[in-house]
Structures are given as C-alpha cells and as structure tokens.
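Let's work through two short exercises together. Take a look at the model first, then follow each solution step by step.

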Amino acid sequence: MNTAIAMDDHVVTARDLRKTYRSTVALDGARFDIGAGRIVGLIGPNGAGKTTALKAMLGLTPFDGELRVLGKDPRTRRDELMNDVCFIADVAVLPRWIRVKEAIDFVAGVHPRFDRARCERFLANTQLKPRQRVRELSKGMIVQLHLALVMAIDARLLVLDEPTLGLDILYRKQFYQRLLEDYFDEQKTIVITTHQVEEVEHILTDVMFIRAGKIVLDAPMDAVGERFVELMVDADRAEQARSLGPVDERALPFGKTVMLFDGVPQAQLARLGETRTPGLADLFVATMKGTYA
Ligand SMILES: Nc1ncnc2c1ncn2[C@@H]1O[C@H](COP(=O)(O)OP(=O)(O)OP(=O)(O)O)[C@@H](O)[C@H]1O
C-alpha cells in the first residue's frame, strides 16, 4: 500500500517520534496511529512523555521523527491545523479581570466554530455566573470555564491533557458524561491524558500506555478485554499456571496468586482457577512495574 495514503486515513500518525531535553529523553521512538471517531487514552506514569507527545501533535515543541495530524505536519502547518484542533492550554491563560460572559464573547468573536448555546449549556451545570470575574472563581471553577469554552468548539480533534485535574468527583463524572453525550460523534476524535484510569476507561475506545517515551501498549478497548486475562490460582496449581508465561503476578493471602496473562485463551486458564478480565488500572500497574526502580 502507498504509505502516504495510509497515513492520511488517520487523524494522527506518528513514526519514530523523538524529543530530548538536554540529557532527558522525553520521547524515545514513539509510534502510533489514531483513527477518526476514536476516544484515545494516553496513559503513563509521571514523566513518561504524555505532555511532550501532545505538544508535538499541537506544534508547540520541536521534535524529530515523522508526525501527521489531520494530514499536516504540525511543525510547518500549525496555523492551518489550529482551525480543526482544539486543546486546553495552561489554565492560567485566562486574565484574572475578565468576566465569564466576556470570556465567552471573546471566544465567540475569534473562533468561527464556537457554539455559544452549547457553552452556556455546559456552564448551566456549574455554579459559575456570567458576571463573575475569573479572580472570584475557585481553581476548579476556572477549569470548568475552560472546559466549557473548549467543548463548545466544533473541532475535529480535541486534545485534553489531564482535563479534570483539580476538579471534584461530581464534576469529573459529569464532565466525562457530557463529553460523550454532548460533544463526541463519529466525525470527532479525542485524545485524553490522565492518571485517573478508572474514570476514563468506560469512555475510551482505545488505550495507549506510554512508558519512558515509548508506546508499550496500543489497543482498542475490546481487544484489551480479549487479550488479557487475570487468573487466581491456589498454591498447588501455581507452577502449572506459571509455565503458561504470565506477564505479571502478585501474591494474595492464603497461598493464592494472581497472574496476568497476555494472549493465553481464557478457557485454558479457567481450568487452573478463577479468571476475570482485568481493569485498565490493573493492567497499567502490571505494565509499569519497575518504572520507579
Ligand atoms: N521543558 C522541559 N525541559 C526539560 N525537561 C523537560 C521539559 N519538559 C519535559 N521534560 C522532561 O521530559 C520528560 C517527559 O515529560 P512530560 O511532561 O512529557 O511527561 P508526562 O508524561 O506528561 O508527565 P506528568 O504525568 O508528570 O505530567 C520528563 O522527564 C521531564 O522532566
């Protein structure tokens, strides 16, 4: 197949992405594809390179390697890209004197795809009032304002870096619910980085784990459920289970062991003990073991 054509089928295509800050390697040959109409979680421990990968996609940092976002190289065509890509920059960018209503007026004035009614719907579920100034808002309320402004823009690619950091659990839940109900459709693609794996796993269509600048797992969520099985075995079956090559194991009380398998049929494991599909958080912990060693 012609690779140029194949690359354009994806919203994002990255090959051999590299970024070094003096002696720190932030991206170490990362490779991934993101298709249209997907909600992708880019998940990794602190310092894994998540923000750097997003900044590269947004044309906010130089890097080596090949990267196409909506068919364009963000290094050279950032301005054009920004018509179709939306992201939340640093929350500190809103001037402290501006009123909620003025911030909405401003975005409505500069962004042709901003939908004021939608923004106001998002805000109706918060305590924010149109006349309040940013300096009168709590940290979490400022994040809410930012999210409402960004979610009301009809962009093809929405990039969210830790979108719910600092928000209470009620709003976090509501945010992800609204992201699905009010924002997402097949024409859109969303990339979210987060540490709060449990909160996003039910909305993701795909998951990417990043560790030390490399993508170490990249799979659709339904494939994750088929690929990985967790098995709880008693001591007398542990050796037999171990011979099937678990990718991780941990001991439980009473001599039981939980083992994580990748690609071993569930039926085969079920003969040795109790099986279940691991949650994303379990997979994350198993995959990242030794990161801080
Ligand atoms: N401007 C910078 N100057 C020097 N080093 C940097 C800079 N930005 C990031 N780094 C380093 O690059 C690596 C990756 O950082 P990055 O911010 O991409 O990680 P992250 O996965 O987003 O982490 P976190 O979850 O903690 O936000 C880290 O080791 C970090 O110290």
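Two strands pair if DSSP finds at least two bridges between them. Helices (H or I, at least four residues) and strands (E, at least two) are DSSP runs, numbered from the N terminus. This is a predicted model, in which local features need pLDDT of at least 70, side-chain atom pairs count only at pLDDT 80 or more, and totals for chains, interfaces and linings use all residues. Residues are numbered from 1 along each chain as its sequence is written.

**Exercise 1.** Find how many bridges join β10 to β12, and place the two strands in their sheet.

Step 1. Strand β10 (residues 228-233) and strand β12 (residues 257-262) run antiparallel and are joined by 6 bridges. Within this ladder, Glu230 stands opposite Leu260 of β12.

Step 2. Both belong to an open sheet of 4 strands, paired antiparallel in the order β11-β12-β10-β13. Its edge strands, β11 (248-251) and β13 (274-276), each pair on one side only.

**Exercise 2.** Describe how helix α5 packs against helix α6.

Step 1. The axes of α5 (residues 116-124) and α6 (residues 139-151) lie 8 Å apart, at an angle of about 150 degrees. Therefore α5 is roughly antiparallel to α6 (angles over 145 degrees count as roughly antiparallel).

Step 2. Now list the contact residues (C-beta atoms, placed from the backbone, within 7 Å). From α5 come Cys119, Phe122 and Leu123, and from α6 come Ala148, Leu149 and Met151.

Note on methods. Axes are lines fitted to C-alpha atoms, for helices over the stretch in contact, and angles run from 0 to 180 degrees between N-to-C directions. Angles under 35 degrees count as roughly parallel, over 145 as roughly antiparallel, 65 to 115 as roughly perpendicular and the rest as oblique. Two residues are in contact if their C-beta atoms, placed from the backbone, lie within 7 Å.
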